[in-house]
Each structure stands twice: as structure tokens, then as C-alpha cells.
Amino acid sequence: MNNIDALEAVYRFHDSLTARFGLVCTGGCATCCSVNVTMTSLEGDYLRRAEALQEPELGKRLGRAADRPHFRPHLTTNELAEACFLRRDAPVETGEHGEGSCPLLDRSGHCTVYDHRPFACRAMVSLERCVGQGEAVMPPFLFTFNLALYQVIEHLDRDGVSGNMLDLLTDHRDRSVPNRPLPGFLVPPEEQLRFARVLDELKKVVVGNGVLADFLPDSLPLP
Ligand code: SF4
């Protein structure tokens, strides 16, 4: 049982969570598939298991995209959360977004690494079709719980880094930022009861011979 198994368990749990929300996202809908996707280095290790990434042509496409402007994070989710828990002013993200579609999309708008895609791709879901109509509409609770799952995933990789997917897949780890351990979750008061119930479910997800709780701190404060 290792952290990559725990990451896979978080992804599995997220699949079961999103299935409760009547989302409209479907294959071929790729509005959110841009060059600005971020992930942790642990997610990069998982993503490299995707068969499509073994193709040399795709490697070249990734390299070309990584050389063009794209979002590079200067902060991590747990870093922002830590500032909130310490009642410090939240640092401001200064990374700028780039133009263009994710090079892992195929010509028909399908993700070539779908089963191994990072959490940032999984978290982008909508209650309404956003193709040609603007922005995704996310259920507020799912938005909150997604934020918590970003934090959990960073914690699983707390000795690793976060960066743009293109940079991490092309071995530009120098363009990334160090991850941090989980300082607690950011949950609005009105969602804390439901959050606690779903968190309890998450902790019981089986990972090898144990459960996900084995990978998390014993006590996780809410603000
Ligand atoms: S990895 Fe897949 S799901 Fe994520 S942005 Fe790229 S094509 Fe879209």
C-alpha cells in the first residue's frame, strides 16, 4: 500500500461523489481542456502509466506545448489554507494563463489519458452544458469538497511538488513549487455538517489492506 494507491482511491471516491450530482459533462466535451492544468508530482507518476503517453509523437506535442506560455502556479492549495488558518493575508497567485487546448486531447475532442487524468481535470464539472454558453456551473458543496480533495492529494505528495501538467510531464520540475502538508480544511459553516459526513466516507475508502484515513493526519481542524 503506497501513496499512489491512495491517490487512485481518492480518484475512485471522487467518481462516486460526482455521480450523485446529475452532471452533464460527457465525452467529447472539452471546453475546460486547456494548457493551464496543474497537478502534483504524484499525479504525474500516475498519469505516466497511461498508454497514450508511451507514443513518441505525443511526447513531441507535449514538449512543444511546454515551450509555449501556460499557467505556472506559484502557490499550492495547502499553502493558501495554511495562511487562512494562521489568520495571515492569503498570498496572491501571480501565474498567468496561456492560450490553447491541452495537447492530450485527440482530434475528436476526447482525452487520450482519461482514466489517468489529474484531479484538476476531474474537478472541472458542470450542472449545465458550457459548450458555447460560457462557464461551468458547479454545485457549491462539490466545489467545497473538491477543494478538500486537492488538499488531500497535495498531502499525499507532501514531499513532492505542484506545477503545470505540461512542465511535470516534460521533466521541468524546476518550474514547480514545493507541496505542503494538510493544515486543515476550509469549509463554510453552513456546509460543515455535510462535509463531515462525506469526509467520514472518504476516510473509510479501502487502500490495500488499510483505509485512506491511514494516510491523513489524525486531527483535521475546520476554521
Ligand atoms: S488531461 Fe485530458 S481531461 Fe485533462 S485537460 Fe488534458 S485532455 Fe482534458
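**Salt bridges, ligand shell and helix 4**

Visitor: What makes the meeting of the E57 and R64 side chains a salt bridge?
Guide: In this predicted model, the N to O distance between the side chains of E57 and R64 is 3.9 Å. The cut-off is 4 Å between a nitrogen of Lys or Arg and a carboxyl oxygen of Asp or Glu. The value is within the cut-off, so the pair is called a salt bridge.

Visitor: Why is E57 called partly exposed?
Guide: E57 has a relative accessibility of 42%. Buried is under 20% and exposed is over 50%, so 42% falls in between. Its partner R64, at 44%, is partly exposed by the same rule.

Visitor: How do you know that R175 forms a salt bridge with D167?
Guide: The closest N and O atoms of R175 and D167 are 2.7 Å apart. That is within 4 Å, so the pair qualifies.

Visitor: Are R175 and D167 buried or exposed, or in between?
Guide: R175 stands at 22% relative accessibility. That value is not under 20%, nor is it over 50%, so R175 counts as partly exposed. D167 stands at 1%, which is under 20%, so D167 is buried.

Visitor: Which residues are joined into one network by shared salt-bridge partners?
Guide: They are D45, R48 and D171. For one of the links, R48 and D45, the N to O distance is 3.4 Å, within the 4 Å limit and therefore a salt bridge. R48 has a relative accessible area of 33% and D45 one of 43%, so both are partly exposed.

Visitor: How many salt bridges does the rule give?
Guide: The count comes to 10.

Visitor: Which residues are around the ligand?
Guide: They are C33, V37, C102, L104, L105, C111, V113, R117, C121 and M165.

Visitor: How do the residues of the shell divide into nonpolar, polar and charged?
Guide: Nine are nonpolar, one is charged and none is polar. Arg counts as charged, so R117 is the charged residue.

Visitor: Which residues of helix 4 are buried?
Guide: In helix 4, residues 77-85, they are N78, E79, A81 and A83. The word buried is used because each has a relative accessible area under 20%.

Visitor: What do the buried residues of helix 4 pack against?
Guide: They pack against helix 6, residues 140-156.

Visitor: Which residue with a positive phi follows helix 4?
Guide: R87 does, with a phi near 55°.

Definitions and conventions. Residues numbered from 1 in each chain as written. Predicted model: local features only at pLDDT ≥ 70, side-chain atom pairs only at ≥ 80, totals over all residues. Heavy atoms only, no water. Buried < 20%, exposed > 50% of the residue type's maximum accessible area, 1.4 Å probe, protein only. Near = heavy atom within 4 Å. Helix = DSSP H or I, 4+ residues; strand = E, 2+ residues; numbered from the N terminus. Contact = heavy atoms within 4.5 Å.
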